[in-house]
Amino acid sequence: MDKKKVKIDQSACIMCGACVGSYPDDFKFSDEGPAEPVTGEADPEAADICAVGAISFEE
Ligand code: SF4
């Protein structure tokens, strides 16, 4: 699937690591703790993996 521009609500991120573990090319942990995008784009299916809905995509 084509990657899309991704946004992470870092105040909602509980640092579970699901996105980082499943999509290591797209997500990493920031120095402050919460996940952040690696390139700014990610697989849109990654939104489903976040239990707290912190990952969203622009249409
Ligand atoms: S899956 Fe969601 S809560 Fe877990 S690390 Fe990624 S953004 Fe944070």
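Two strands count as paired here if DSSP finds at least two bridges between them. I worked with that rule throughout, on a predicted model.

**Entry 1, the sheet.** I looked up the strand order first. Three strands make an open sheet, ordered β4-β1-β5, with antiparallel pairing. The edges are held by β4 (41–42) and β5 (55–57); each has a single partner strand, so one side of each has no neighbour in the sheet. I then checked the pairing of β1 with β5. Strand β1 covers residues 4–8 and pairs with β5 in the antiparallel sense through three bridges. For Val 6, I noted Phe 57 as the bridge partner in β5.

**Entry 2, the core.** Which residues have the most contacts inside the largest nonpolar core? I listed Val 6, Cys 19, Phe 27, Ala 35, Ile 55 and Phe 57, in a core of 14 residues. The elements giving two or more residues to this core are β1, α1 and β5. I followed Val 6 further. Beyond its neighbours within four places in sequence, Val 6 is in contact with Ile 55, Ser 56 and Phe 57, and also with Phe 27, Pro 37, Gly 40, Glu 41 and Ala 42.

**Entry 3, Asp 26.** I located Asp 26 in the loop between α1 (18–22) and β2 (27–29). Is Asp 26 buried or exposed? Its relative accessibility is 3%, and the cut-off for buried is under 20%, so I recorded Asp 26 as buried. I looked for a polar partner and found the backbone nitrogen of Asp 43, which the side chain of Asp 26 reaches at 3.1 Å. Asp 43 also appears among the contacts of Asp 26 outside the four-place sequence window; the others are Lys 3, Glu 36, Pro 37, Val 38, Glu 41 and Ala 42.

**Entry 4, Lys 28.** I moved on to Lys 28, which lies in strand β2. With a relative accessible area of 35%, Lys 28 is partly exposed. What does the side chain of Lys 28 join in a polar contact? I found the side chain of Glu 36, at 2.4 Å. I also took a C-alpha to C-alpha distance: Lys 28 and Val 38 are 6.2 Å apart in space and 10 residues apart in sequence. Leaving out neighbours within four places in sequence, I listed Val 20, Pro 34, Ala 35, Glu 36, Pro 37 and Val 38 as contacts of Lys 28.

**Entry 5, cross-check.** I compared the contact lists. Glu 36, Pro 37 and Val 38 are in contact with Asp 26 and are also in contact with Lys 28. Pro 37 is in contact with Val 6 as well.

Conventions:
Residues are numbered from 1 along each chain as its sequence is written. This is a predicted model: local features need pLDDT of at least 70, side-chain atom pairs count only at pLDDT 80 or more; totals for chains, interfaces and linings use all residues. Side-chain values use heavy atoms; hydrogens and water are left out. Buried means under 20% relative accessible area, exposed over 50%, partly exposed in between (1.4 Å probe, protein chains only). A polar contact is a pair of N or O atoms within 3.5 Å; within protein, one must be able to donate a hydrogen and the other to accept it, and residues adjacent in sequence count only if both atoms are side-chain atoms. Contact means heavy atoms within 4.5 Å. A nonpolar core is a set of buried Ala, Val, Leu, Ile, Met, Phe, Trp, Tyr and Cys residues joined through side-chain atoms within 4.5 Å.
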